[in-house]
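This report introduces one protein chain to a reader who has not seen it before. Please look over the sequence and the structure first, then read on.

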Amino acid sequence: MKITEVRLGTISVPLRVPFKTALRTVNSVEDIIVEVHTDTGHVAYGEAPPTGAITGDTSGAILGALRDHIIKSIVGREVDDFENLLQTLNKSIVHNTSAKAAVDMALYDLYGQMYKIPVYKMLGGSRNNIVTDITISVNDPEEMARDTRTAIARGYDTLKIKVGANPALDIARLKAVREAAGPDIKLRIDANQAWSPKQAVRLLNQMQDLGLDIEFVEQPVPGADFEGLKYVTERAYVPVMADESVFSPADAVKIMQMGAADLVNIKLMKCGGLYNALKIATAAEVYGVECMIGCMLEAKVSVNAAVHLACAKNVITKIDLDGPVLCSEDPIVGGAVFEEQNITVSNAPGLGVIAIEGLRYLD
Ligand SMILES: [Mg+2]
């Protein structure tokens, strides 16, 4: 099975309701798609969301990395030369993890198709069903309480809340959500690097004293401040998860060696795909650190690859893959089935994505 061509395209998927964080409002998912063809007639897909504010990968950067570096390094290569092919991909250009992730997942898809095994089975196959949280958009407390009741009525038992812009308002919002949710629903929060270490400790311990019962906090301090993250981890009553601090496997190992976080968030777009995500998962197994699998605002092609990873590995105990359920339509044929919080992986060979409706080719 030889790679003959890689075509590029885009998809646009509207969201059910605008997605609001402290920093931005988004109305639709606009992602780059790669479509990899082989001489055997097999086709595989990958997806990269432009998330310049997080990864630095704009749509122009993703397309440039693919066209000028990545595609020419893999066209003509045998899929069966898998390990070497993945290393070639990772060496084809520095950084550009979103573009690499899109191609990485397509290569895993092809390898699985070739040997007729679903990727999650190939990587371990611990389960075929996972349960995701859902993010409650940042609004005034009353509206967030309403959204909380709606999410619980839809069956969710774990909610994620973005915090960080305004501590007093954050506390008011979390109080409203906890009151609406009752004691049995899990609440996890994501500060997206907003706080200083001392501010984080003070706020997190205040939240626990108020009985908000926070399951864990994602990235309380700036990503580069490993010492600050460790400071919070050692002093806050709330478990701390590293997200923006961990892009590469080397970042993950350093965070774990330092004991700088209790948990690590793996995202394919940060680390460059399944090949590197597996290294982070293995490091976490060695250090006894549990992982979450997360996503950007992504459609189902790339989230489906994350589902395969999560279904392969027991060390991934927390799931934040609500991208597809935030979308109002699903143009992806095949792949995992998303039924509110329950996600069931596909048993088709490879990743199981068969077609993408509305794919607009760029070439
Ligand atoms: Mg996060």
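How many helices and strands are there in the protein? The model, which is predicted, has 13 helices and 17 strands. The radius of gyration of the protein is 20 Å, close to the 21 Å given by the globule rule for 363 residues, so the protein is as compact as a globular protein of that length. Along its principal axes, the C-alpha trace spans about 60 × 40 × 35 Å. Of the 363 residues, 52% count as buried. Among contacts between residues at least 6 apart in sequence, 71% join residues at least 24 apart.

**Two domains**

The domain assignment gives domain 1 as 3–116 + 357–361 and domain 2 as 121–356. Taken over C-alpha atoms, the centres of domain 1 and domain 2 are separated by 22 Å. In the contact between them, 40 residues come from domain 1 and 35 residues from domain 2.

Which elements supply at least two residues each to the side of domain 1 that touches domain 2? They are strand S1 (3–20), strand S2 (25–38), strand S3 (43–48), helix H2 (82–91) and helix H3 (97–115). H3 gives the largest share of this side, 11 residues. By class, the side of domain 1 that touches domain 2 has 21 nonpolar, 10 polar and nine charged residues.

**Helices H2 and H3**

The axes of H2 and H3 come within 10 Å and cross at roughly 170 degrees. Angles over 145 degrees count as roughly antiparallel, and H2 and H3 are therefore roughly antiparallel to each other. On the H2 side, the contact is made by Phe-82, Leu-85, Leu-86, Leu-89 and Asn-90. H3 brings Lys-100, Val-103, Asp-104, Leu-107 and Tyr-111 to the contact. The residues of this contact of H2 with H3 divide into seven nonpolar, one polar and two charged.

**Three loop residues**

Gly-272, Gln-219 and Glu-340 are set side by side in the table.

| Residue | Loop between | C-beta neighbours within 10 Å | Class |
|---|---|---|---|
| Gly-272 | helix H10 (268–271) and helix H11 (274–287) | 26 | buried |
| Gln-219 | strand S8 (214–218) and helix H8 (226–235) | 25 | buried |
| Glu-340 | strand S14 (337–339) and strand S15 (342–344) | 14 | partly exposed |

With which residues is Gly-272 in contact, leaving aside its neighbours within four places in sequence? They are Asn-90, Thr-97, Lys-100, Ala-101 and Asp-104. Asn-90, Lys-100 and Asp-104 also belong to the contact of H2 with H3. The C-alpha atoms of Gly-272 and Glu-218, which are 54 residues apart along the chain, are separated by 20 Å.

Most residues other than glycine have a negative phi. Gln-219, a residue other than glycine, has a positive phi near 40 degrees. Is Gln-219 buried or exposed? Because a residue with 20 or more other C-beta atoms within 10 Å is buried, Gln-219 is buried with its 25. Glu-340 is not a glycine and has a positive phi of about 50 degrees. With 14 C-beta neighbours inside 10 Å, Glu-340 counts as partly exposed, since that class lies between the cut-offs of 12 or fewer for exposed and 20 or more for buried.

Technical notes: Residues are numbered from 1 along each chain as its sequence is written. This is a predicted model: local features need pLDDT of at least 70, side-chain atom pairs count only at pLDDT 80 or more; totals for chains, interfaces and linings use all residues. Domain bounds come from an automatic or database domain assignment. Two residues are in contact if their C-beta atoms, placed from the backbone, lie within 7 Å. Helices (H or I, at least four residues) and strands (E, at least two) are DSSP runs, numbered from the N terminus. Ala, Val, Leu, Ile, Met, Phe, Trp, Tyr, Cys and Pro count as nonpolar, Asp, Glu, Lys and Arg as charged, and the others, Gly among them, as polar. The radius of gyration is taken over C-alpha atoms; the globule rule is 2.2 Å times the number of residues to the power 0.38. Axes are lines fitted to C-alpha atoms, for helices over the stretch in contact, and angles run from 0 to 180 degrees between N-to-C directions. Angles under 35 degrees count as roughly parallel, over 145 as roughly antiparallel, 65 to 115 as roughly perpendicular and the rest as oblique.
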